[in-house]
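This report considers charged side-chain pairs and a surface patch in a protein model. The sequence and structure are shown first.

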Amino acid sequence: MHSILRILDANFNRAREGLRVIEDFVRFGLDDADLSAALKSIRHDFSLATQPLADRAIPHRDVSGDVGTQIAMPSETARESERQLVVANCKRLGESLRSIEEHAKLIDPSLAATVEQLRYRFYTVEATIAQRLRPLATRFAQVRLYVLITEEACRVRRDEGGGTRDEGGVGQFIPPPSALIPSRDWLACARLAIAGGADCLQLREKNMDGGELLRRARLLVELCRQHDVLCIINDRADIAVLSDADGVHVGQSDLSVRDVRRIVGDKLVGVSTHEIAHARKAVEDGADYIGVGPIFKSPTKPREFVAGLEYARQVASQIRIPAVGIAGIRIENLESVLAAGLKAVAVTQAVVGAEDVESAAASFKYKMRNAK
């Protein structure tokens, strides 16, 4: 019995210590209230369940007589990254809970059953943390300017006579057909957007044949790799996998996030959301980021509704995965989007439809870097 109580005492300590390290990272590193609450609940229930046996075990502690205190591996003395630190402590906690569960069966089977349930609860939290710490997810958290590339949008619009202006919240000039300069090369347009500071490009061609879409996806992926920019494919999880893009973005009527994840594995999965219920569901299903909008009316994708800045404010205050504002965002209204709490925006016409694509992108990045 003495040796069993020593084992339990050591693992009670390991579990509490590991849990605290993980909880601190989730609270202060990820700023995730839901995960923090889940971990705090596990910590509270663990303490409540184990306290009686922990009180019995403490007198059997023998630090000076513990032959394992002098055994250490080089990897235990340093951590190369936050990810390594958190992963190590997750493993430490899981292993400790399992050891407690097994040894408690010899003394208190009811405690063993309780610890087993706590272990399963933690595994669910661990899976979410692991997803958030994936290298691609970590990179996406740094995205500020997300540019959508479509051949249709890659053209210059001249403010000539005969056009009209859309007064539905955008105020953008809608030229007559004669005022449209023929499309510039879409890949050259993408290159200029990158030169101006785009952090992520999305290939968005809704009606293109699969073969041509895959060809373009591979070209865009190659360009993005050369410049260390993320590349996302709209809608088509199969094209994202075949082109080795960094991820795929889907809408509310497309494949679910969970189904897309089964296709793309560890690649990024983003989903468009139009209300807070959509955003919460995206988090629950394991999306890496959400599109938030439409913020304003947009000539690129006309809609009958606008989620608006109020929805952006809801997301900023309640959702802890990256959120990208989209639709109708221009340099003139960018400040209001940032003031609502969003840190990233997705644009099409405001960059790739500009006469000077590189300067347009650079203007967005400059304003975002210097936002108050």
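A residue is called buried when its relative accessible area is under 20%, exposed when it is over 50%, and partly exposed in between. The model is predicted.

By the first of these cut-offs, R119 counts as buried because its relative accessibility is 5%. E101 is likewise buried, because its relative accessibility is 4%. These two residues form a salt bridge, with their closest N and O atoms 2.9 Å apart. The pair joins distant parts of the chain, as E101 belongs to helix 3 (residues 82-104) and R119 to helix 4 (residues 109-132), 18 residues apart.

A total of 26 salt bridges is found in the structure. Three of the pairs are tabulated below.

| Pair | N to O distance |
|---|---|
| E101 and R119 | 2.9 Å |
| R134 and D288 | 2.9 Å |
| D246 and R225 | 3.3 Å |

Both R134 and D288 are buried. In the pair of D246 and R225, burial is unequal: D246 counts as buried because its relative accessibility is 6%, whereas R225 is partly exposed because its relative accessible area is 39%.

Salt bridges also link E151, E212, R215 and R216 in a network.

On the surface, V241, L255 and I263 make up a nonpolar patch with about 240 Å² of accessible area together. V241 is part of helix 8 (residues 237-243). With a relative accessible area of 36%, V241 is partly exposed.

Methods: Residues are numbered from 1 along each chain as its sequence is written. This is a predicted model: local features need pLDDT of at least 70, side-chain atom pairs count only at pLDDT 80 or more; totals for chains, interfaces and linings use all residues. Side-chain values use heavy atoms; hydrogens and water are left out. Patches are made of residues with over 30% relative accessible area and no salt bridge: like charges are joined within 9 Å, nonpolar side chains (Val, Leu, Ile, Met, Phe, Trp, Tyr) within 5 Å. Accessible areas come from the Shrake-Rupley method with a 1.4 Å probe; for residues, only the protein chains shown count as cover. A salt bridge is a side-chain nitrogen of Lys or Arg within 4 Å of a carboxyl oxygen of Asp or Glu. Helices (H or I, at least four residues) and strands (E, at least two) are DSSP runs, numbered from the N terminus. Buried means under 20% relative accessible area, exposed over 50%, partly exposed in between (1.4 Å probe, protein chains only).
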